[in-house]
Structure formats: C-alpha cells, structure tokens
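Biologist: I would like a close look at a single part of this model, the surroundings of its ligand, and after that a careful walk through a few other places. Please take your time over it.

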Amino acid sequence: MNSNVAAKSAENAVDVLIVGAGFGGLYQLHRLRKLGFSVRLVEAGAGLGGIWHWNCYPGARVDTHIPMYEYSAKELWSEWNWSERFPSWSELRRYFDFVDKKWDLSRDISFNTRMTGAKFDSANNQWDVELDEGRSLTAKSVVLCTGFAAKHFVPDIDGLDDFEGICHHTSLWPQEGIDFTGKRVGIIGTGATGVQVAQEASLNAAHLTIFQRTPILALPMKQRKMDEETQAEMKKSYTEWFANRKNTFGGFEFSGLEQSAHEVSDEERTAVFEEMWEKGGFHFWIGTFIDVLAEESANLYAYEFWRDKVRARINDPVLAEKLAPMKPPHPFGVKRPSLEQYYYEIFNQDNVDLVDVNESPIEKITAKGVVTKEGEIALDILVMATGFDAVTGGLKQINIQGTSGKTLKEKWDLGATTHLGMASEGFPNLLFLYGPQSPSGFCNGPSCAELQGDWIVNMLDDMREGGVKRFETTTSAEDAWGAHMSELADMTLFPKANSWYMGANIPGKPRQLLNYPGGLPVYFAQCESVSSNNYDGFVLTK
Ligand code: NA7
C-alpha cells in the first residue's frame, strides 16, 4: 500500500467512495449526496457513461428499448427525447451529458482516475484506498459500480501481436473512429458486439470475414425512429411502466406469460411467438411462455420458431445450417440473444464470408492476416469482438485486500461467494452493485442501478442512523445465498451453455451461474426481508 495512504486530509476522507460513472455509480452519487453523505466518485474514463464512454465501435447501440434504458426520474424524462427506439452510443453519451447538467454530477467526480487497490483499516473502520498515479483517499464505505463489462477479454491466439494492420478489441475502439470503406475487415466473435460491427462493416468494407465459433441466436431488434409526438403519448405511461419494473423478471415494463408452452395448441403457441417476434427486442426472449428457459422441450419450440424465421432469410443452405442449425447448438436464450437489424441478410452479399472456426480453426495470426487450414485470409483491419471477463472480472482486477489478508481475487479464485450478490465476508463496509449472484446480467441496467441502488443507499443510511461503524456479512449468510442460487440455477437451462453468464467464456474461470435467475420480484423480496430483519446475515458493530 502506498505510504501516501496514511495522509488523510479532510478533502481526501469521504463517507462513501463510489467507483464507476455509469448508470449505477451516478445514481449512487445523486442519491447519497442528497442525503448529506460526503461522496467522491472515481472513474477510469475521461467522461460519463460507464460502458458508453468506452463503446464507440461502428454500430454500437444498446439492446434495451426506450424508455427502459434511462432513469425513471420525471425531471429527466419529461425534458428528454430519443431519436431511436434503441439508441446509439453517441446519443447515449448526449443523454449522460444532459443528466450531468440536470443533477450537477461532475463536480464530485474524479475522471481519469482508476481505483487500483484498497485495504481495510480495522482500527478506524474505514478503507484506505489507493488510486492510480500515487493518489489516495479514505472512505468509511465503498460502493463498487464497475458494471459487468469492465474487463475485456482477448483470446491467446498465436501471432496476434505480429499483425501489422489495425487491430482493436471493441471496448477499446479509438474514439476518433475507424473507416471500413474499401478495407478487408475480419471480425472474431459473433456475440452482441460482433453482430453490430458486422452489420456496419458489410455496408462498405471491400471484404468482410466473420470468424464464428458458436452461432448467435440473434433476435430482430425492430429498430424505429422516434419522434417527439410519439414519445409525448408514451410518456403518459412512463410513471406506471417504471413503477412496474420491480414486478417483472428482468426489470422491463413487460413480463412473460404464466402459461407453459405445452398448455396451448400449436396455433396458439405460434401466435404468441409471432406477436413477441413482431414486438422486437427481448420480447421473444423473456416475453413468451414460463417454461421456455426452464424446460428443454418447451425451449425447443422457441428454438425451432427462431430457426425457421432465420433460415428463410439466408439464400445458401450451407450457410443457413451454420448460422441457424437444424439442431440447437444449445438451448435458446441461455446465452444472451443479441439483437440484429439485417445481420442474416449480409451473408447473401458477395463481400461477406463466414469462417466456422470449429471446422477451420484459427492456426495463427501473421503480419498480413489470419491463417486457417484453408490458407491465409489477408486483412487490413482485425476486430476482436471477443467479449469480457464478465461480472467478476472488473471487481477482481482491483487489488482489494480484506480483513483476512486475502484479496477479493484470491477469495473468489474458486468462484464468487456473496450475500445477496452485494457483499462478501471479510470485506466490511464494501458493497457492489450489479455484482455476481445478483440479477445483474439478467436485469436491465438502469432498472438495477435504481432498484438495487436504492437498497444500497437505504442500507448506508440505516447504518449511519443506527451509529453502525462497521457492517460485514458472514460465511453462513454466503453459504445460504450460494445454496439458494444453486437451487434456482438447477431449475433453469442456463447451466447448459458455455456462456459468460456461466463464466465459461474465459479459460480457467470457475463455472458458476453469475447472475441471479429467480427474477426481480423474488430477488427483492429477499433483499427486503434482510433489511427489515435488521440486516439479517450482516454483523453490525457500533
Ligand atoms: P460475447 O457475447 O461474450 O461474445 C464474444 C464472442 O467472441 C463470442 O461469439 C465468442 O464465441 C467469441 N470468441 C471468444 N473467444 C474466441 C476464440 N478464441 N475464437 C473464436 N471466437 C471466440 O461478448 P460481446 O462483447 O459480443 O457482448 C457482451 C455483452 O455486451 C452482451 O451479452 C450484451 O449484454 C452486451 P463463443 O460464443 O464463446 O463460442
């Protein structure tokens, strides 16, 4: 720990340190400041927005429809209109600037400042926090709002450093942009990000090669331009929609049916699937039958509907089989189904090729391109759309040392253990939002930022009111939460795919379901039960 940490000037001592200026962190700052806490927010990036500060690759846009992807505060939405149903990264950045002005946030944010480590000072019940460039501060409590995608992942491919063209991971895309026009572009990865980049590159690249390992079961976005008049009409329902988020599985304004896919006739089932397909976005994922994500034969109905829709859009039957196989590569919806606008049509173009890396593995990367057993594919630009060490990676990369001397990384070596997905034993006065074993990846980001965020704010307020200097969860509370998670996971099909939900996209990462699969109503009932029972599962010290 840097010796500067010992220097505790008033300016460098705060009640609460917040890490990350995305939806979660900004909401914490706004609410905690209003309650009279002294607060500092540190942000590694140069601006607001969290992932939207970094994401600027061609085609980057959110996969949640408006108005669910914004704050629920009327003073904000009454003055803000979007131009598209699924906004782009640049419009999201404008939104964050607007929120900054309305809530006057930046004055308490240190930009270009990364939290590198922390050690709990048991004598004073506070965290000694190390920031980069030798800076430091102390905080009575720390709230980590680092999001689920703070640590990017690049696979270890032989020769990657030798490539002489342009090569970037999508989350580290140059802010000035890169023009694909007339270039030979390669994309490794076909997750949400790969699909978005591929659509853009197909428009003007001389040639586009997409390296696919697992077909993405992408859903139609049904993007639309939005005008003010339409939004004025929609705004009549915003209060009701936002209030209802807590009652839905994923923090949207809609829920799935209570009915099994087996309880209805073939015609009725198809009608439900058609209706949700036409609504676009995640409706087809979490808006149909209750057992689609829980039972294989119900799931197969959804897969087959998806498959037939997609295959009808692809001219070449060989490509159709690679992109939408007759037999599911894994159950539908247990890997995040990204949203597409014209992804499947691009494979009908002469300038687009698909390489199935299961048949033709990438052997190495050279100065000029990518080598498979078919030979070298020459490239000018190589896009690494290879995802993230999701949910835990961003937390574990900070050198946070708990009371046992172990870091969070060391403690979670065999898997993350938490209470409510918000606290971990041995790390007093530290809470994390959107963390492992909380709804995180299964919940719309802004909904979690507010709903889980309110629980955290209320806890900190209750601790202050009650004169509690140190709060810390216990091993038995973690064990109980872990058992609850396992029980819920076993009731779903999520463990059946190698997804980032399971930690399975990162070599060596422990396999566990990282997101709470019980839905928000069940999750928040547990949280409320803990808080109303004097923070059951936490040891409170005055
Ligand atoms: P994802 O969804 O994790 O996608 C990463 C993609 O990269 C996926 O298709 C992977 O294939 C592929 N990948 C990873 N390593 C390799 C190697 N070694 N070779 C070939 N292909 C590889 O990340 P995204 O950035 O697209 O999306 C992350 C989230 O952001 C998304 O879920 C939304 O919530 C927004 P795989 O499928 O593992 O076989």
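Biologist: How many Å is an oxygen atom of the ligand from an N or O atom in the side chain of Lys 335?

Modeller: Please keep in mind from the start that this is a predicted model. In it, the distance between an oxygen atom of the ligand and an N or O atom in the side chain of Lys 335 is 2.7 Å. The protein covers 85% of the accessible area that the ligand has on its own, which is 790 Å². Lys 335 also belongs to the group of residues that come nearest to the ligand, together with Thr 190, Thr 193, Arg 213 and Thr 214, out of 19 residues around the ligand. Two other members of that group can be described in the same way: a polar side-chain atom of Arg 213 lies 2.8 Å from an oxygen atom of the ligand, while for Thr 190 a polar backbone atom is 2.9 Å from an oxygen atom of the ligand. If we sort the shell around the ligand by residue class, we find 8 nonpolar, 7 polar and 4 charged residues.

From the ligand we can turn to the empty space in the protein. Rolling a probe the size of a water molecule over the atoms shows where such space is left. The second largest pocket holds about 580 Å³ of space, and among the 25 residues that line this pocket, Phe 249, Ile 290, Pro 517, Gly 518 and Gly 519 are the closest to its centre. Two elements, α8 (283–286) and α15 (520–532), give two or more residues to the lining of the second largest pocket. That lining divides into 15 nonpolar residues, 9 polar residues and 1 charged residue.

A cavity is a separate case, and the count comes to 1 cavity of 30 Å³ or more. About 50 Å³ of space lies in the largest cavity, whose lining includes Thr 392, Lys 396, Trp 412 and Gly 415, and also Lys 509, Pro 510 and Gln 512. By class, the lining of the largest cavity has 4 nonpolar, 3 polar and 2 charged residues.

For the backbone, a small set of strands is a good place to begin. An open sheet of 3 strands runs in the order β13-β14-β15, and its pairing is antiparallel. Its edge strands, each of which pairs on one side only, are β13 (364–365) and β15 (375–378). Strand β14 (residues 369–372) pairs with β13 in the antiparallel sense over 2 bridges, and Ile 365 stands opposite Val 370 in β14.

Two loops complete the walk. In the loop between α2 (51–54) and α3 (74–77) we find Pro 67, and the peptide bond that joins Ile 66 and Pro 67 is cis, with omega about 10 degrees. The loop between β4 (115–121) and β5 (126–131) contains Asn 125, a residue other than glycine whose phi nevertheless has a positive value, near 50 degrees.

Definitions and conventions:
Residues are numbered from 1 along each chain as its sequence is written. This is a predicted model: local features need pLDDT of at least 70, side-chain atom pairs count only at pLDDT 80 or more; totals for chains, interfaces and linings use all residues. Side-chain values use heavy atoms; hydrogens and water are left out. A residue is near a molecule or strand if one of its heavy atoms lies within 4 Å of it. A polar contact is a pair of N or O atoms within 3.5 Å; within protein, one must be able to donate a hydrogen and the other to accept it, and residues adjacent in sequence count only if both atoms are side-chain atoms. Accessible areas come from the Shrake-Rupley method with a 1.4 Å probe; for residues, only the protein chains shown count as cover. Ala, Val, Leu, Ile, Met, Phe, Trp, Tyr, Cys and Pro count as nonpolar, Asp, Glu, Lys and Arg as charged, and the others, Gly among them, as polar. On a 1 Å grid over the protein atoms alone, a cavity is a set of points where a 1.4 Å probe fits but cannot get out, and a pocket is an open set with protein on both sides within 12 Å along at least five of seven lines; lining residues have an atom within 4 Å of a point. Grid points are joined across faces, edges and corners, and a volume is the space filled by probe spheres set on the points. Two strands pair if DSSP finds at least two bridges between them. Helices (H or I, at least four residues) and strands (E, at least two) are DSSP runs, numbered from the N terminus.
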